[in-house]
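User: Could you take a close look at one part of this model for me, the strand pairing, and then work outwards to what surrounds it? I'd like one connected walk-through rather than a list.

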Amino acid sequence: SVVSLRRKSPISRNRPEFVVYRDLIQGAKNINMECVTEVHPSWLSTILKPIATFSSPLEDPEPAYDPKSDMSYCWVHPTVGKHDWSLPICQVEAKDKSTRCKAFLIALLRGKVYPELRALFGPVPEYSAIGTSSHPGVIMALFTLEKFNV
C-alpha cells in the first residue's frame, strides 16, 4: 500500500519532502496520514544530531570561516539509522584542524577577515586546491595556522 496525505489536507498542496504524523488510517486505496506537520529539511540534522552519523567535511559546498563568530564551518552529509537513511547536507562547526585552517586562510586571502589585505594578494586559489598548493606562501601560512591551532 501507498502512504499518502489526504487530498483535503492543507499541506498536501505543498507536497513537503519530510513530514511527521500522528496516525495512519487505512482508506479504500491508500493508507492516509492524519495530523500531519511539515518538517523542514534543515531541522532534521539538529533534531536527529544525537543519533546521526556525519560524513567527513564536503569540499562542495566549500567550508567557510565566519569572522563575526570567529568559527569555521563545513558542510557534511548526515545519515540516520541502521539503514543509513540519507538526510539533506547541513552546515556544522568544522572540528578538524586542517579544515578550520584552510577555511580561515581562504577567508584571509579573499579579504573577509581583514578587507584591507585583499589588495595585497593576487588570484586566490580555490578551497580544493589550497591543501595541494605548491606556492611557498600558502604552504607556510597553512603550516603556521596549523602549528598554532588557529
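Analyst: Let's start with E6 and strand E9 (residues 78-80), which pair in the antiparallel sense over three bridges. Keep in mind that this is a predicted model. If you want a spot to click on, Ala52 sits opposite Val80 in E9. This pair belongs to an open sheet of three strands, ordered E6-E9-E10, with antiparallel pairing. Strand E6 (52-54) and strand E10 (85-86) take the edges with a single partner strand each, so each has one side with no neighbour in the sheet. For background, strands of a sheet pair through backbone hydrogen bonds, and that pairing can be parallel or antiparallel.

On the way from E9 to E10 there's a backbone angle worth a look. Asp84, in the loop between those two strands, has phi near 50°, which is positive even though the residue isn't glycine. With 48% relative accessibility, Asp84 counts as partly exposed.

Now follow the chain on from E6 towards E7. The loop between E6 and E7 holds Pro61, and the peptide bond leading into Pro61 from Asp60 is cis, with omega near 0°. That's one to check if you plan to reuse the backbone.

After that loop comes another antiparallel pair: strand E7 (residues 64-66) and E8, again joined over three bridges. Here Tyr65 faces Ser72 in E8 as its opposite number. The two strands make a hairpin with four residues between them, and Asp70 in that hairpin has a positive phi near 55°. So what sort of setting does Asp70 have, buried or exposed? Its relative accessible area is 54%, which makes Asp70 exposed, since the exposed class begins over 50%. Like Asp84, Asp70 is not a glycine.

E8 has a second partner as well. Four bridges join E8 to E11, and those two run antiparallel. Within that pairing, Cys74 has Val92 of E11 as its bridge partner. In general, side chains in a regular strand alternate between the two faces of the sheet. E8 shows this neatly: Ser72, Cys74 and Val76 point to one face and are buried, whereas Met71, Tyr73 and Trp75 point to the other face and are not. So two of the residues you've just clicked on, Ser72 and Cys74, both sit on the buried face.

This brings us to a pocket. The second largest pocket has a volume of about 270 Å³. It is lined by 14 residues, and those closest to its centre are Lys49, Phe54, Val76, Val92 and Glu93. Helix H1 (41-47), strand E8 (71-76) and strand E11 (90-93) each give two or more residues to that lining. E11 supplies the largest share, four residues. By class, you get seven nonpolar, four polar and three charged residues in the lining. There's overlap with the strands above: Val76, among the residues closest to the centre, is on the buried face of E8, and Val92, also in that group, is the bridge partner of Cys74.

What about the largest pocket? It holds about 340 Å³ of space. Again 14 residues line it, with Ser4, Leu5, Arg6, Arg7 and Asn30 closest to the centre. Strand E1 (3-5) and strand E4 (31-34) are the elements giving two or more residues to this lining. Its make-up is five nonpolar, five polar and four charged residues. Ser12 is a useful companion here: it touches Leu5, Arg6 and Arg7, leaving aside residues up to four places away in sequence. Ser12 lies in the loop between E1 and strand E2 (19-20), and its 15% relative accessibility counts as buried.

Finally, zoom out. The chain has four helices and 11 strands. Its radius of gyration is 22 Å, well over the 15 Å that the globule rule gives for 150 residues, so the chain is more spread out than a compact globule. The C-alpha trace spans about 70 × 30 × 25 Å along the principal axes, and 29% of the 150 residues count as buried. For contacts between residues at least 6 apart in sequence, 42% link residues at least 24 apart. One long-range example is Glu126, which touches Glu62, along with Ile106 and Arg110. Glu126 and Glu62 are 64 residues apart in sequence, with 9.0 Å between their C-alpha atoms.

How values were computed. Residues are numbered from 1 along each chain as its sequence is written. This is a predicted model: local features need pLDDT of at least 70, side-chain atom pairs count only at pLDDT 80 or more; totals for chains, interfaces and linings use all residues. Side-chain values use heavy atoms; hydrogens and water are left out. On a 1 Å grid over the protein atoms alone, a cavity is a set of points where a 1.4 Å probe fits but cannot get out, and a pocket is an open set with protein on both sides within 12 Å along at least five of seven lines; lining residues have an atom within 4 Å of a point. Grid points are joined across faces, edges and corners, and a volume is the space filled by probe spheres set on the points. Ala, Val, Leu, Ile, Met, Phe, Trp, Tyr, Cys and Pro count as nonpolar, Asp, Glu, Lys and Arg as charged, and the others, Gly among them, as polar. Two strands pair if DSSP finds at least two bridges between them. The radius of gyration is taken over C-alpha atoms; the globule rule is 2.2 Å times the number of residues to the power 0.38. Buried means under 20% relative accessible area, exposed over 50%, partly exposed in between (1.4 Å probe, protein chains only). Contact means heavy atoms within 4.5 Å.
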